[in-house]
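Student: I should like to understand how the terms used for a protein model are justified. May we go through some of them together?

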Amino acid sequence: YFDTVFIMGDDYVDYYKFWSKKWKVYPFMYCTEWKCREKDIVESHNLKLLFVGSLSHRKNAKHLLEASENIEGIEIGIVGDGEERQKLESMVRESSLNVHFYGVKQMGEVSEIMQEYDVLVLPSLHDGWGAVVNEALTMGLYVICSDRCGAKYLLKDSRLGSIFKSGDVIDLENRIRDCLKNKSEIRSTTYERIDIARGKIHGKVVAKYLLNKIGIVE
């Protein structure tokens, strides 16, 4: 009954091609509402890292804290709530980390908060996509994402971010250190990332890609 199949990301394109030689199989992506950046670029002395998501084992915010323990010159914001919040707050109290817990916020508030940060970190052990990556890119943030998130598909362009091995705290620490070293460049290329993202994940671009692949438009 099917002749065209769209896969979130590109991890399983070959898998679905294997199941039917008749299927045209294409990578696809999650699409979020496009929002325009309204705040100036961050001028903090510290590199500012942001986590947005449920404070659960799967989302793995703990690894962001573990990877940051031995790095000076960073601040961390955590937006969200969940069963691991008390554990995370306890980790922060027992460390010298500079962390602010925002709790649960509405999506409009999240985009406001994002503009106060340099880098979004998504350390999920598994994420079908990770829409927060789209939202961060529309605000011009650099993104560090685990290799178990569908949204890593967007980070093949190294100007947008980097990918680390899920569960590897040292790999994540090294990515954060690289960002700290290149803090000025990350900030100066904020609007470049927004322009690149507009050409990749804006709703009209994604819609045109879909229509093109099913043969409705050129």
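Student: How do the residues of the lining of the largest cavity divide into nonpolar, polar and charged?

Tutor: In this predicted model, the lining of the largest cavity has six nonpolar, two polar and four charged residues. Among the lining residues are Ile41, Asp118, Gly140 and Arg193. Helices α7 (183–188) and α8 (190–201) each supply at least two residues of that lining.

Student: What makes the largest cavity count under the rule of 30 Å³ or more?

Tutor: Its volume is about 50 Å³, and the rule asks for 30 Å³ or more. The count comes to one cavity.

Student: Why is Cys145 called buried?

Tutor: Buried means under 20% relative accessible area. Cys145 has 0% relative accessibility, and therefore counts as buried.

Student: Why is Cys36 called exposed?

Tutor: The term exposed requires over 50%. Cys36 has a relative accessible area of 54%, so Cys36 is exposed.

Student: Why is Cys36 not in a disulfide with Cys31?

Tutor: A disulfide needs two cysteine sulfur atoms within 2.5 Å. The closest cysteine sulfur to that of Cys36 is in Cys31, 14 Å away, which is too far for a bond. Cys145 is in no disulfide either, with the sulfur of Cys149, the nearest, 3.9 Å away. The structure holds zero disulfides.

Student: What makes the side chains along strand β5 (residues 99–103) alternate?

Tutor: In a regular strand, side chains alternate between the two faces of the sheet. In β5, Val99, Phe101 and Gly103 point to one face and are buried, whereas His100 and Tyr102 point to the other and are not.

Technical notes:
Residues numbered from 1 in each chain as written. Predicted model: local features only at pLDDT ≥ 70, side-chain atom pairs only at ≥ 80, totals over all residues. Heavy atoms only, no water. 1 Å grid on protein atoms, 1.4 Å probe; cavity = no way out; pocket = protein on both sides within 12 Å on 5 of 7 lines; lining within 4 Å. Points joined across faces, edges and corners; volume = space filled by probe spheres on them. Helix = DSSP H or I, 4+ residues; strand = E, 2+ residues; numbered from the N terminus. Nonpolar A, V, L, I, M, F, W, Y, C, P; charged D, E, K, R; others polar. Buried < 20%, exposed > 50% of the residue type's maximum accessible area, 1.4 Å probe, protein only.
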